[in-house]
Each structure stands twice: as C-alpha cells, then as structure tokens.
Amino acid sequence: MKSQNLSTVTEFQLLGFQNLLEWQTLLFIIFLFIYFLIMTGNIVIIVVVSQDQRLHSPMYTFLKHLSFLEIWYTSTIVPLLLATLVSQGQAISFHACIAQLYFFVFFGATECFLLAVMAYDQYLAICSPLHCSFLMRPEICTKLVAISWLTGVGTGFLPSLMISKLDFCGPNQINHFFCDLPPLMQLSCSSVYVTEMVIFILSIAVLCICFILTLVSYVFIVSSVLRIPSASGRMKTFSTCGSHLAVVTIYYGTMISMYVRPSAPLSPDINKIISVFYTVVTPLLNPVIYSLRNKDFKNALRKVMRRNCGIYGNRGIFLLNICISTRWIWLICCVNLQDYLDPW
C-alpha cells in the first residue's frame, strides 16, 4: 500500500542560479567565455603534445590525458549550467540526471588519480632524475594512465547506482546547476543513511588518499628545492610547484569540503559557489598552470603554428593570430604571474 501512495518522480527541475535573476545574462556570458577558454586551451595542448616529438615525455603524456579528461569533465556540467541560465531553470529526466551524476563522478575521480600520478612524476623528475627514466618508462606511463581511467570508471558506478535506487516522490526541484549528490539525497523520500555513509567512505578513499599522496610528493619536492644552491633556480622551481600545488589544493579542498563532511547540509548557495570552483575554475586554471607557463611547451606551440602556417597559408596565419589572442586572454583572465616570471 505504501508504494501506491507515492508518486515516482520521472523528471527533475534544475533551478541553477535563480536567486540571481538580474545577473543571469552576465553569468551566461562569463560561463560561456570560460567554457570557450577551457575547450580552446585543452585542445591546443592535445594538438601540440601530439605533434611535437620533444614533448613525448611522461609529464606531457599525463598532461595530454588530463586535457582530454577536462574537455569531457567540463562538458558534462557547463552546457547544462548555461541552459539553466538561458531558461531560468532546466528540466532533466531522471535517467539523464543519473547519467550526468555518473560521468561527473567518473571524470572527477579519474582526475584525482591523474593529479596524484603527475605529482609523483614531478617528484621523480626533481628529486630522483636518474631513476625517473626507468620508473616512468612508456609502458609504465601507459599502465598508470589506464589504471587512472579504469579506477574512475569503477568509482562512478556505486554512487550512481545507490542514488538511482532511492525513492523520489516530490518535490522535484534541484536547487543546483547540475545533478550533484547532496541535493539529490536531500530530495529523496526514503532513508539515505546507508547511501550517505557509502559515499562518505568512498570520498575519503578517493579524495583524501589522492590528496595526501599528492601532498607527500610536493613535500619531498620542496625539501629537494631548498637544497638548490642557485637562488634563481629555487625561485623558478618554487614558482612552478607553487602554482601546481595551489590549483591542486583548490580542487581537492573544495571537493573534500563538499563530500567529506558531516551529513548536516550546507546552504544551497554555498554549495553552488563551492561547486563552481571544482567544475569551472580549476579546469580553467589547469591549462595555464601546467602548459602555458611552460617554456618547452610554448616553444613547441610556436613550432607547430609556424608549420601549420606553411601548410595552410592564410588560414594558418589566421589560426596563429587566434592562438596569440587566446594566449593574452588566458593571461589576463587567470591573473597568473607569467608576466613577471616568464614572459612570452
């Protein structure tokens, strides 16, 4: 009889930023522009790394996979975010919502594993360069990348399956811009205790362990950098590692604050602000921090663009101008220290 008295929700309504109605147009322009930068930056990284033989090293292999991942990760979230801003709310079916949740967890977990692997690669390159070429052989790099992707695939299944098994009998309005775990559990009319505990333990296993491994790598890097006799060498290495660590801390910190915390919910507005950091801000910063501030990458970018200019004539020159313009957009929007430390 209980199931007869419950109406099953077949569709959710994403409210997005409806509390900021007067800012909807401006927010749409900002997020659309950021999405364009993320797509452009990551596509440029993939193309340049693939075409330049000098960048076929473990660091750039991992970076290429991270860029490919970021394209899909942001495309899972941002287009629907833009839709909520255009229509002041967006309907999404139950199955589409669960699918979005799965891909969000899948790509997010994969990024955690890749960031930990990249930090370990940096540790080997700086602290143990003689062992780096052996421990980071191409076949080892391929296995590490495959493990990261496969572990991410598996990580996404359990939360999505458990959320799909919950009862949703109304209301169907999700006060968020995508189908995230906390607002979905708040809407459920069945007990979510087991689901909360499983997601809490899974979040600790993925987020906290990967973050600790990443921090340990950077602690060893810092201790090694302090022994560099040259002040300019220390400053350059600290600048690079500090930028990497800052972005990693933003990503893990906001993720942990959202998913590794007591069951007492935060306000929807705070949830949305925190979510913007790990779904939009860090994917925007990653191409800048990991590549556009890297001298080898910039030289390779010039080489690839000159070669394309020779092949495609005026179209190549047009692409080069777009790339140069995009470069300055990145530097202005991301407010990084490139102008002071390593100018073009």
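A residue is counted as buried when its relative accessible area is under 20%, as exposed when it is over 50%, and as partly exposed in between. In the predicted model examined here, Y123 has a relative accessible area of 23% and is therefore partly exposed. F220, at 44% relative accessibility, falls into the partly exposed class as well. Across the protein, which comprises 344 residues, 48% count as buried.

The model contains 12 helices and three strands. Among contacts in the protein with a separation of 6 or more, 79% are accounted for by residues 24 or more positions apart. The protein exposes about 16,700 Å², of which carbon and sulfur atoms supply 69%.

The largest nonpolar core is made up of 92 residues, and the members that touch the most others are F12, F31, F104, I163, Y252 and Y278. Helix 3, spanning residues 94-127, contributes the largest share of this core, with 18 residues. A second core, separate from it and consisting of five residues, includes A119, Y218, I221 and C241. The surroundings of Y278 can be described in detail: when residues up to four places away in sequence are not counted, Y278 touches Y73, F104, F178, D180, Y251, T254, M255, M258, Y259 and P283.

Aromatic side chains were then considered as pairs and clusters. A pair of aromatic rings is described by the distance of the centres and the angle of the planes. In total, the count comes to 24 aromatic pairs. In the pair formed by Y123 and F220, the ring centres lie 5.7 Å apart and the planes stand at 55°, so the pair is classed as tilted. This pair links distant parts of the chain, since Y123 belongs to helix 3 and F220 to helix 7, with their positions 97 residues apart in the numbering. One aromatic cluster is formed by F17, F31, Y73, F104, F177, F178, Y259 and Y278; of these residues, F31, F104 and Y278 are also among those that touch the most other members of the largest nonpolar core.

On the surface, Y193, V194, M197 and I201 make a nonpolar patch of about 420 Å². V194 is found in helix 7, which covers residues 193-225. Because the relative accessibility of V194 is 54%, and the exposed class begins over 50%, V194 counts as exposed.

Conventions. Residues are numbered from 1 along each chain as its sequence is written. This is a predicted model: local features need pLDDT of at least 70, side-chain atom pairs count only at pLDDT 80 or more; totals for chains, interfaces and linings use all residues. Side-chain values use heavy atoms; hydrogens and water are left out. A nonpolar core is a set of buried Ala, Val, Leu, Ile, Met, Phe, Trp, Tyr and Cys residues joined through side-chain atoms within 4.5 Å. Buried means under 20% relative accessible area, exposed over 50%, partly exposed in between (1.4 Å probe, protein chains only). Helices (H or I, at least four residues) and strands (E, at least two) are DSSP runs, numbered from the N terminus. Contact means heavy atoms within 4.5 Å. Patches are made of residues with over 30% relative accessible area and no salt bridge: like charges are joined within 9 Å, nonpolar side chains (Val, Leu, Ile, Met, Phe, Trp, Tyr) within 5 Å. Accessible areas come from the Shrake-Rupley method with a 1.4 Å probe; for residues, only the protein chains shown count as cover. A salt bridge is a side-chain nitrogen of Lys or Arg within 4 Å of a carboxyl oxygen of Asp or Glu. Rings of Phe, Tyr and Trp (its six-membered ring) pair if their centres lie within 6.5 Å; planes under 30 degrees apart count as stacked, over 60 as edge-to-face and the rest as tilted.
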